[in-house]
Amino acid sequence: MPELVLGPVLRHVDATSATVWVETSDSCDVVILGRSARTFQVGEQHFALVVIDGLEPDASIRYEVRLDGAVVWPEPGSDFPPSRIRTGTVETILFGSCRAAKSAPGALEADRLGPDALDAYALRMKLLPEDRWPDALVLLGDQVYADEPTPHMREWLARRRGEEEPRDEVVSFREYGELYHESWSDPEIRWLMSTVPTSMIFDDHDVRDDWNTSLTWRAQMAEKPWWDKRIRAGLASYWVYQHLGNFGPTELADDELFREISAADGDVRDLLEDFAGRADKELDGRKPTRWSYRRDFGRIRLLVIDTRNGRILDGQRLMVGAEEFAWIEDNAAGDIDHLLIGSSLPWLMPPSLSHFQSLNERAAGLPGWRGRLGEKVRQAADLEHWPAFRASFEQLADLIHRIGTAPGAPSTICVLSGDVHHSYAARAGYPDPTESDVLQLVCSPVHNDPPRYMRPAFALSWAKPLASALRWLADRRGIYPDPVRWNKVSGPHFGNSIGCLHITGRSARFTLETVSERKGLFQVADVALPSPGTAPPKGR
């Protein structure tokens, strides 16, 4: 009999439908709530995405997973509450990024990266009444670390490939699959992801550190004999494990690749990896696929931006190309109360880092040794966020301003991000003030706390004297003044954390909880949105 290898993962949920993703040990029919899907095969692995329609609105619906008629979920003897699909109002949204797999068995048992905040949240959640469960989860990148595996994973790779390069890094689809097995197999995580609808987007470590940081980086990777196989497998596995579930039923029905795979008889790995190879190539400033996507939760809109594969690196550096940014503009506007822009990379950085990244972009574009030095600094210091793509930084600032000053503007516009290994909230202000409260909210990491000696450097990046000096230097280098000003309203916070937006009508709160082995989860930030009586910072 086929077995359930991974999942179920509850993905897209709306008022009357849901999708549930699974990985199985063999080809089979997967049935959930009377709806079925046949698995598709990728190499030696098997997957299915079950589309469940006709659900009752405003309901909480218990479900089981059957493979060829046999119930495989919930697992016998499980002490977790039943998995449910909830079609009611979305009011509580968890988010965070940078969740490395654990090398210690317990959720609160700290390994070298500290205790896992999402594991700790799941353990607490299972003891809460259902009406206090979160309604959605947004994972903002680095769901797996393809270039920084755990000791267990390194041993597995050594047994599989011996001394073959690259050592201690994954290359094939099957090896990427093992990363997901390691990260998503914890009992508490499997239960949480079976019950809380989850949206995802990649960041660099889902493929490789500094992925697409520059044209030079791409050329360096292209020289490695294993890179073509690596990028094809990385994007193909991302499509299967993460991206596919970001689609709703209508989008799935319209997606040509999903239709081809669903209709295929036999292994579709070549089909997927050929698609991934095309997706990796730049074609006249456009991409053959769009990884960005939109989710609507009633009057809350989540717009998730691909800040990695959509980059334009030849000529003017852009975080996303013109065609994709036009799609972002079209989908950002609407009759909504809250606009959430998911970007794995922060838009508003600590000011010193923001100015330094814009300066580095200018330096790396110079001819000769100065440009080569700028490129070395860029790669060594990970200078690849929105300010390092200055034209896109200003373009996003302008878009947010237009939305925030338009008639019927949303109450809040929040950019949700991760990546930078400390967490904070910053409030933005423009010379022409917006009606919307504009904030940058960062939660990083969920489970990848860096060494403590790095914390003073992160804290220093918020220092005003240093920021003023770098801004003066930016003025001297001809970099346009920032179109927006921002002030930190909470943070910097360190340690493995989980962020949460609590939304009621046109009001919201941002809270941040950090986990320790001794205390478990404890709150370190609480920010009201919009904040009564608090004027946004004035731009210049």
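**Close-up views of the predicted model**

**View 1. The cis peptide bond at Pro-492.** Pro-492 is located in strand E20. The model shown here and in the other views is predicted. The bond that leads from Gly-491 into Pro-492 is cis, and its omega is near 0°. Strand E20 covers residues 485-493 and also carries Trp-486, a residue that appears again in View 4.

**View 2. The cis peptide bond at Pro-74.** Trp-73 and Pro-74 are joined by a peptide bond in the cis form, with omega of about 5°. Pro-74 belongs to the loop that runs between strand E9 (70-73) and strand E10 (84-86).

**View 3. The aromatic pair of Tyr-180 and Trp-184.** The model contains 24 aromatic pairs. Among them is the pair of Tyr-180 and Trp-184, whose ring centres are 5.1 Å apart and whose planes meet at 70°. Planes over 60 degrees apart count as edge-to-face, and the arrangement of Tyr-180 and Trp-184 is therefore edge-to-face. Helix H3 (residues 173-184) holds both residues, which are four residues apart, or about one turn of the helix. Tyr-180 has a relative accessible area of 1% and is buried. Trp-184 is likewise buried, at 4%.

**View 4. The aromatic pair of Phe-393 and Trp-486.** The ring centres of Phe-393 and Trp-486 are separated by 6.3 Å and their planes stand at 65°, so this pair is also edge-to-face. Phe-393 is part of helix H13 (residues 390-405), whereas Trp-486 is part of strand E20, so the pair ties together parts 93 residues apart in sequence. Phe-393 and Trp-486 are both buried.

**View 5. A cluster of aromatic rings.** Ring pairs connect Trp-21, Phe-40, Phe-47, Phe-173, Tyr-180, Trp-184 and Tyr-241 into a cluster. The cluster thus includes both partners of View 3, Tyr-180 and Trp-184.

**View 6. Charged side chains placed over aromatic rings.** Arg-317 has its charged end over the ring of Phe-389, at 4.0 Å from the ring centre. In a second example, the charged end of Lys-488 is positioned over the ring of Trp-462, and the distance to the ring centre is 5.8 Å.

**View 7. The polar contacts of Lys-102.** Lys-102 is situated in the loop between strand E11 (92-96) and helix H1 (117-125). With a relative accessibility of 12%, Lys-102 counts as buried, because the limit for this class is under 20%. The side chain of Lys-102 makes a polar contact of 3.4 Å with the side chain of Asp-186. Another polar contact of 3.4 Å links the side chains of Lys-102 and Glu-188.

**View 8. Positive phi at Leu-33.** Leu-33 is not a glycine, yet its phi is positive, at about 50°. The residue lies in the loop between strand E3 (29-32) and strand E4 (35-38). Its relative accessibility of 33% places Leu-33 among the partly exposed residues.

**View 9. Positive phi at Asp-168.** Asp-168, also not a glycine, has a positive phi of about 60°. The loop that holds Asp-168 runs between helix H2 (151-161) and H3. Asp-168 has a relative accessible area of 37% and is partly exposed.

Key:
Residues are numbered from 1 along each chain as its sequence is written. This is a predicted model: local features need pLDDT of at least 70, side-chain atom pairs count only at pLDDT 80 or more; totals for chains, interfaces and linings use all residues. Side-chain values use heavy atoms; hydrogens and water are left out. Rings of Phe, Tyr and Trp (its six-membered ring) pair if their centres lie within 6.5 Å; planes under 30 degrees apart count as stacked, over 60 as edge-to-face and the rest as tilted. Helices (H or I, at least four residues) and strands (E, at least two) are DSSP runs, numbered from the N terminus. Buried means under 20% relative accessible area, exposed over 50%, partly exposed in between (1.4 Å probe, protein chains only). A charge sits over a ring if NZ of Lys or CZ of Arg is within 6 Å of the ring centre and within 35 degrees of the ring normal. A polar contact is a pair of N or O atoms within 3.5 Å; within protein, one must be able to donate a hydrogen and the other to accept it, and residues adjacent in sequence count only if both atoms are side-chain atoms.
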